[in-house]
Structures are given as structure tokens and as C-alpha cells.
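Please open the structure in your viewer and keep the sequence beside it, since this tour goes from one selection to the next.

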Amino acid sequence: MIKRTSMTLTLVGALLANAPSTFTGVITDTLCGRTHGMMRASSDEACVRMCVKGSGEYALFDGKDVVKLSDQKQPAKFAAQRVKVTGTYDEKAKRIEVASMEPARDQAAE
Amino acid sequence: MIGETEFPLPGGAVRRRAARQLLALLGACLVAGTALAQDDGKQQRQESGATANEEAQDGSHTKDTTTSMNMVDMNPASMELMNLASGTSVNAAAWPMPMVMTHFRSPFGTWNTMYMGTAFLVDTQQSGPRGGDKLYSPNWFMAAAEHRVGARGAFQMDLMLSLEPATITGERYPLLFQTGETAYGKPIVDGQHPHNFIMGLGFQYTYQLAEETFLSAYFAPVGDPALGPVAFPHRASAMELPQATISHHWQDSTHISDEVLTVGIEHKNLRLEASGFYGSEPGENRWIIQAGPINSWATRLWFFPNKYWAAQVSVGRIAHPEALEPGDQVRATASLQYIKPMPGGSWASTFAWGRDHDTATFRNLNSYLAESVLPVFRKNFITGRVELVDKDELFNGQPGIEQHLDVLYGSTFRVGAYTAGYTRDVALLRFVETGVGANFTSYSLPPAIKPYYGNHPVGGNIFVRFRLRSPE
């Protein structure tokens with residue numbers, strides 16, 4: 001009985017640890033990060049797209065941190081836009097494992 | 001074996017003194033680059049609105065994955081220039097080139113600067129009667145300054161220095177089956193020459209003709225023409241191997257050429273380049289810039305299917321490259337590189353083929369290379385290199401043996417080199433990626449030359465590696 005209970009608790013703990021969270025922020029790139037002052041006479045969107053053509057990767061800037069995203073296809077639609085990302089944060093890989101992504105319409109209006 | 005005492009160089013003391021002064025100069029450059037980067041890193045954090053205190057309190061820096069790309073006032077042409085490796089060659093775009101970036105403002109506008117540098121301290125042991133051992137340091141440091149010219153143009157100048165003429169004594173380090181160039185008036189065999197003090201001095205202008213079309217022009221008193229893959233010191237897949245490839249003079253040996261003029265056009269994922277340059281390989285005075293007529297040509301076609309792949313084919317005619325050998329070389333090369341970003345670095349692999357046709361001997365000599373470096377658990381790198389090369393200069397300077405072998409077995413011998421290595425990063429300095437490592441090479445060779453090399457020649461290196469990098 002004790003063994004079964006402890007196994008159940010372990011399983012529930014593991015599931016809770018990997019439970020999806022919601023992250024809201026702006027789609028950016030790992031080269032520029034928080035600001036896009038690098039490109040002259042270009043929009044932030046153009047800058048993100050240019051950086052990602054090179055060694056940059058799509059990332060999420062939540063106002064504090066710039067965190068890599070596991071999915072590099074969905075963010076292409078939202079370059080420099082505010083989005084709501086559902087997924088889990090992988091501490092080891094230091095990136096968000098993306099389950100889904102959608103525009104953060106409510107916050108963008110603020 | 002070539003010995004220093006056989007051909008003592010005049011003015012050796014002067015060279016040693018110059019070497020000490022230049023060592024101090026290069027050291028100062030490295031320190032200055034690091035210091036500038038640290039200052040600018042602080043400035044960048046302040047500009048972004050995140051103070052050091054805030055970061056310390058909330059621990060935000062533990063999640064942040066930006067690469068401190070501290071550049072300003074750029075345009076798409078600037079980005080094209082920033083991705084160049086050596087001359088106009090490029091690694092696949094997904095590779096985050098290890099460098100320190102900063103910028104400064106001058107009366108002539110804003111300049112983005114990039115500092116790259118690598119230094120190894122190596123102890124090598126090469127087995128057999130033609131082997132040897134040595135403590136030496138291959139190294140190079142590059143500074144590049146980029147300036148936007150109008151809305152669509154960008155200009156960049158770069159200077160690449162190496163102290164190898166001082167840190168590789170005796171004009172060579174032991175490397176079994178390596179051939180190419182001369183030392184003390186004799187061809188270098190079973191050894192690798194040092195690179196010149198001035199490895200590169202170039203000026204490049206790129207103009208964006210249309211959204212995905214770029215035109216570029218490159219002039220370099222010392223530079224890298226459009227021939228071959230990215231040279232091994234700058235190649236992503238060779239970053240953890242301090243020693244040269246034994247196919248160097250079949251594939252990428254023109255990376256230090258004089259009087260290089262290259263024009264190129266890029267459209268979408270294709271780039272076509274054409275170069276003129278002075279074909280003779282660097283002379284034995286490695287502290288100077290040679291000059292000569294533009295007597296050689298090359299052309300190269302790049303194909304970039306996406307940012308993870310880079311492929312090239314190139315062909316060129318090199319006028320009298322070897323000082324002691326008659327004739328020209330017609331070189332053809334092809335290469336394919338793949339980069340996969342991973343935690344702790346990038347998995348980088350290169351496959352290359354190079355063929356030299358000698359116009360004096362009419363020989364066609366092939367070389368094949370496969371090379372890879374794989375980051376494991378962030379701080380560990382496993383690396384490997386396999387080469388097959390047709391060698392015809394192993395007995396240069398030994399006419400008796402050369403003639404004997406030529407009569408019985410022919411003049412060309414296919415040699416295989418199989419290298420495996422490991423590097424462990426040890427974080428010592430914020431802007432310098434420090435690591436310790438070792439690699440081991442086993443060789444295959446035809447029975448005809450085993451009496452001169454032994455049945456199972458091997459080589460080993462242990463090393464410490466220092467590389468400038470952008471802090472994570």
C-alpha cells in the first residue's frame with residue numbers, strides 16, 4: 001500500500017512538473033534579444049527575420065528574459081508580435097518546449 | 001629531417017626580438033578586445049533597461065539566451081559581411097561564429113567591430129623514424145570593422161594576425177605525411193609550416209541590389225581567394241583540432257594569398273564568385289607581405305539550401321605555387337557543410353574533396369576529408385577527422401629513395417589519417433572559451449613506404465585551447 005501510494009505521488013509530481021504553462025511576450029531572436037536597435041531603417045519584424053536567417057533563433061522576450069523556443073516554425077508567423085505560448089520550460093535546455101502559440105490579442109490592445 | 005643548424009638564418013636575433021615585440025602587440029590586442037567588449041556589455045545592459053542589480057536580484061540572467069550581439073546601424077549588406085569566415089568564404093549561416101562584438105562612433109560614422117581569436121598550446125608526439133615531438137602554439141587573431149554606406153551598402157575591413165612565425169619554432173611542427181611549402185631552402189615533409197604573421201588584410205564592399213540579391217567586391221593585399229572550402233583554422237567543424245589537415249594543399253591552402261581581387265554576386269541561395277590572385281605560396285620570411293602579379297584565377301559557386309547547409313564547388317589555376325617545384329596547379333574542390341545548433345554549441349560537419357592537377361608532371365592527385373565536432377552535455381566536445389590523400393612529395397629532397405620507389409612502386413602513395421579527439425571546456429574567463437583536450441591519429445599507408453614510416457605510424461596531441469567568444 002505504501003509502495004503504491006508513493007508511486008502514485010511520484011507520478012502525480014512528475015505530471016505536475018511537466019504541466020503546461022502559459023508564457024506571454026514578444027517574439028524576438030537570440031541575436032538582438034530585448035531590443036532591435038541593430039538594424040537601421042528597418043522594422044523590428046524585419047530585424048528579427050534577418051537575424052533568424054543567420055545564426056539567430058526565434059525566442060520569446062517576456063519583458064525580463066529572452067528564452068529560446070523549441071518550435072522554430074510557428075514563431076515565423078509572429079515575428080516581433082506579442083504572443084501567448086503554451087508549453088513547458090526545460091531548465092536543462094534553457095528553452096520553452098512549445099505546445100501551441102497564438103497572438104496575445106488582449107495584451108496587445110493595452 | 002630538416003634542422004635549424006643546417007641552414008642558420010641570418011638575422012635570427014633580430015627576428016626573435018621582433019617576435020617578442022609582436023607577441024606583446026598581439027597580447028595587447030586580445031586584452032583590448034576583451035576589455036572593449038566588457039565595457040560595451042555593461043553599456044548594452046544599461047541601454048536595454050535591465051540593470052545589473054535587477055538581474056542579480058531576480059536571477060534573470062540564468063534564463064536569458066541572447067548572445068550579446070552588440071551591433072548598431074546595420075543593414076542587410078552589413079549582415080552579409082558579418083557572416084564571412086576567411087576572405088569571402090562562409091560557414092553555414094546557422095553557426096554562431098565565436099566572436100566579441102562591439103561598436104564605436106567616430107567622426108566618420110558608426111563602426112561595428114568584431115574580434116575573433118583562437119590560440120592553442122599543443123604538445124605533439126609523432127611516431128616512427130620520420131616523426132618527432134614539439135611544444136608549439138598555432139594561433140590567430142582577427143579584428144574586423146564594418147560601416148554602413150547608405151541604405152543598401154556596407155564596407156568592411158579586416159586584419160588577421162598570427163604569431164605562429166614565433167610560436168612554431170624551426171619553421172614547422174611535426175605532422176606525419178604533411179607536405180607543402182619550404183623551410184630553410186628545403187621542402188617541408190612530415191611537418192606543417194607556420195602561418196604568416198599577417199594572415200589577412202582585406203577590404204570589402206557589398207551592395208544590396210534587390211531584396212535577396214547582393215553584389216560584392218573584395219580586395220586583399222593578403223587574403224583568401226574564391227577557391228576551396230572554408231580554410232581549416234576558420235572552419236566550424238575543425239574548431240577543436242589544433243593541427244592542420246594533411247589535405248591542406250589539395251583543398252584550402254590558398255587561404256593566405258597575395259594580391260587577391262574577388263567579385264561576387266549572390267541571389268537567394270546561390271553565390272557566384274571570381275578571383276584573381278598571386279599564386280606563389282608564402283615564402284620563408286613569414287613576417288612580411290609578399291607582392292606579385294595577379295597571375296592566378298579561381299571561381300567558386302556556393303549553394304545554401306537553408307541556413308544549416310553550405311555547399312561549394314570551385315576551380316582555379318594557381319601559377320607556380322611551390323617554390324621548389326616546376327609547373328602550375330589546376331585545383332578543383334567541392335565541399336558540403338552541415339550545422340545543427342545544440343545546447344552548448346553546434347554539431348558541425350564538413351565533407352570535402354580536392355584535386356590538384358600538376359601541369360609539370362601531369363599527375364592528378366585527389367584528397368577526401370570528413371570532419372565533425374559534436375558538443376555533448378554543454379562543456380564537452382567529441383571530434384573526428386578522416387582523410388585520404390594521394391601524396392607524391394613524401395620523399396622530396398631524398399632523390400635516391402624517390403627514384404627507387406618510382407621504379408618499383410610509382411610516385412604517388414595514398415595515405416589515410418584517422419583522428420579522434422575530445423575537448424573539455426573549463427570556464428576561466430568570461431570572454432575566453434578555455435578548454436583542454438587531446439586527439440589521436442592513426443595512419444594507413446601502402447606497404448611500399450612502411451620501411452620509412454613504420455608499420456603503424458600514429459600521432460597524438462594534448463592541448464589547451466583559448467578562444468574569444470561572446471558570453472552567453
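Through how many residues does a hairpin join β8(B) to β9(B)? Keep in mind throughout that this is a predicted model, and begin by selecting strand β8 (residues 198-210) and strand β9 (residues 213-223) of chain B. The hairpin passes from β8(B) to β9(B) through two residues, and the two strands run antiparallel, joined by eight bridges. Within this pair, look for Tyr207(B), which stands opposite Leu215(B) in β9(B).

Stay with β9(B) and add strand β10 (residues 257-267) of chain B, which pairs with β9(B) in the antiparallel sense over 10 bridges. Leu215(B) serves again as a landmark here, for its bridge partner in β10(B) is Ile265(B).

**The loop before β10(B)**

Next select Ile256(B), which lies in the loop between α5 (248-251) and β10 of chain B. Is Ile256(B) buried or exposed? Ile256(B) counts as buried because 25 C-beta neighbours lie inside 10 Å, where the cut-off for a buried residue is 20 or more. If you leave aside the neighbours within four places in sequence, Ile256(B) is in contact with His195(B), Asn196(B), Met199(B), Val222(B) and Pro282(B). Of these contacts, His195(B) is worth a distance label, as it is 61 residues from Ile256(B) in sequence and 8.1 Å from it in space, C-alpha to C-alpha.

**An enclosed strand and an open helix**

Move now to strand β6 (residues 173-183) of chain B, where 10 of the 11 residues are buried, so that the strand is largely enclosed by the rest of the structure. Five bridges join β6(B) to strand β7 (residues 186-192) of chain B, and these two strands run antiparallel. To find your place in the pair, select Pro174(B), whose bridge partner in β7(B) is Gly191(B). The hairpin of β6(B) and β7(B) has two residues between the strands, and Tyr184(B) in this hairpin takes a positive phi near 55°.

For a contrasting view, select helix α6 (residues 399-408) of chain B, where the number of buried residues is one of 10, so the helix lies largely in the open. Gly410(B) follows α6(B), and its phi is positive, near 100°.

Before leaving, display the whole of chain B, which has seven helices and 20 strands. Of its 472 residues, 48% count as buried, and among contacts in chain B between residues at least 6 apart in sequence, 65% join residues at least 24 apart.

**Chain A and its barrel**

Now bring chain A into view, with its three helices and five strands, which follow one another from the N terminus in the order α-β-α-β-β-β-β-α. Buried residues make up 39% of the 110 residues in chain A. If you colour the strands of chain A, you can follow a closed barrel of five strands that runs β1-β2-β3-β5-β4, with mixed pairing. The twist from one strand to the next averages 55°.

Within the barrel, select strand β1 (residues 21-29) and strand β2 (residues 58-61) of chain A, which run antiparallel and are joined by four bridges. Here Ile27(A) stands opposite Leu60(A) in β2(A).

Then add helix α2 (residues 44-53) of chain A, which lies across β1 and β2 of chain A and runs at about 85° to β1(A). Which residues of α2(A) are buried? They are Cys47(A), Val48(A), Met50(A), Cys51(A) and Val52(A). What covers these buried residues includes β1 and β2 of chain A, together with α3 (76-82) of chain B, so keep both chains on display for the last stop.**The largest nonpolar core**

In soluble globular proteins, nonpolar side chains tend to be buried together. The largest nonpolar core here has 106 residues, of which Ile27(A), Leu60(A) and Met99(B) touch the most other members. Strand β2 (residues 109-126) of chain B gives the most to this core, with six residues. Finish by selecting Met99(B), which, leaving aside its neighbours within four places in sequence, is in contact with Met114(B), Tyr115(B), Met116(B), Leu468(B) and Ser470(B).

Note on methods: Residues numbered from 1 in each chain as written. Chains lettered and ligands numbered in written order. Predicted model: local features only at pLDDT ≥ 70, side-chain atom pairs only at ≥ 80, totals over all residues. Pairing = 2+ DSSP bridges. Axes fitted to C-alpha atoms, helices over the stretch in contact; angles between N-to-C directions. Contact = placed C-beta atoms within 7 Å. Buried ≥ 20, exposed ≤ 12 C-beta atoms within 10 Å, placed from the backbone. Core = buried A, V, L, I, M, F, W, Y, C linked by C-beta atoms within 7 Å.
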